[in-house]
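Got the viewer open? Load the model, switch to cartoon, and let's walk through the helices first and the empty spaces after that.

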Amino acid sequence: MINVQFTVRPGQGDASGFDLGDMAVTGDLGTADSAGHIPDQGMMIYLSAVQLLDSLGSFLRGNARMLSFTGADTSFGLVVRRTKDGLSVAGKDGVVARTTAPELASAVIRAAEDLGPALPPEDPVASDWEAALAAFRPLVPGRKG
């Protein structure tokens with residue numbers, strides 16, 4: 001089991017592709033969360049989600065053994081490794097989940113689609129957002145690009 005959540009921090013006015021927010025990844029073995037740290041690990045959440053979609057998509061399509069992801073303008077990161085049984089996902093404190101590629105892809109696309117509707121279509125990040133979603137969807141069972 002793995003769950004991914006992207007959240008926008010409140011009090012920033014109208015939605016913008018440069019809004020600050022947080023990322024949380026929860027699995028059977030723990031949670032990696034950017035919220036509540038000193039120093040702050042919040043990130044530009046829309047840009048970070050685009051970066052995660054792009055880098056994870058390339059990783060899942062390829063055969064690299066490891067993906068190291070760091071969000072935009074933050075020290076928060078995740079490491080995804082291929083294992084003999086699938087994938088492991090870790091934060092700075094260790095592995096939070098052992099999962100499969102389809103399960104991880106599904107969790108990430110759900111989180112991104114939950115976040116995305118708030119972004120106005122005229123926002124400068126909106127076209128990158130839509131392109132990243134479209135490129136990632138074919139990796140998710142039952143989704144079309």
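Start by selecting helix 1 (45–61) and helix 2 (101–115). The two pack at an angle of about 155°, with their axes 11 Å apart; axes here are lines fitted to C-alpha atoms, for helices over the stretch in contact, and angles run from 0 to 180 degrees between N-to-C directions. Helix 1 and helix 2 are therefore roughly antiparallel to each other, a label for angles over 145 degrees, while those under 35 count as roughly parallel, 65 to 115 as roughly perpendicular and the rest as oblique. Helices (H or I, at least four residues) and strands (E, at least two) are DSSP runs, numbered from the N terminus.

Before going on, a word on what you're looking at: this is a predicted model, where local features need pLDDT of at least 70 and side-chain atom pairs count only at pLDDT 80 or more, though totals for chains, interfaces and linings use all residues. Residues are numbered from 1 along each chain as its sequence is written, and side-chain values use heavy atoms, with hydrogens and water left out.

Back to the pair: helix 1 passes helix 2 in a left-handed crossing (the near helix is turned anticlockwise from the far one by less than a right angle; clockwise would be right-handed). Show side chains for Ile45, Tyr46, Leu52, Leu53, Leu56 and Leu60 on helix 1, then Ala101, Leu104, Ala105, Val108, Ile109, Ala112 and Leu115 on helix 2, and you have the contact (heavy atoms within 4.5 Å). By class, this contact of helix 1 with helix 2 has 13 nonpolar, no polar and no charged residues. Ala, Val, Leu, Ile, Met, Phe, Trp, Tyr, Cys and Pro count as nonpolar, Asp, Glu, Lys and Arg as charged, and the others, Gly among them, as polar.

Now add helix 3 (residues 126–136). The axes of helix 1 and helix 3 come within 9 Å and cross at roughly 25°, and that makes helix 1 roughly parallel to helix 3. On the helix 1 side, pick residues including Ala49, Asp54 and Arg61; on helix 3, try Asp128 and Trp129, among others. The contact of helix 1 with helix 3 divides into eleven nonpolar, one polar and three charged residues.

Swing round to helix 2 and helix 3, whose axes come within 11 Å and cross at roughly 155°. The crossing is left-handed. Trp129, Leu133 and Phe136 of helix 3 make this contact, with Glu113 one of the helix 2 residues involved.

Next, turn on a cavity display. What is the volume of the largest cavity? About 80 Å³. A cavity is a set of points on a 1 Å grid over the protein atoms alone where a 1.4 Å probe fits but cannot get out; a pocket is an open set with protein on both sides within 12 Å along at least five of seven lines, and lining residues have an atom within 4 Å of a point. Select Ile2, Val4, Leu52, Phe69 and Val108, which are among the residues lining the largest cavity. Its lining divides into eleven nonpolar, no polar and no charged residues.

Last stop: the largest pocket, with about 160 Å³ of space. Thr31, Ala32, Gly91, Lys92 and Asp93 lie nearest its centre, out of 16 lining residues. Strand 3 gives the most to this lining, with four residues. Colour by class and the pocket lining shows five nonpolar, eight polar and three charged residues.

Methods. Grid points are joined across faces, edges and corners, and a volume is the space filled by probe spheres set on the points.
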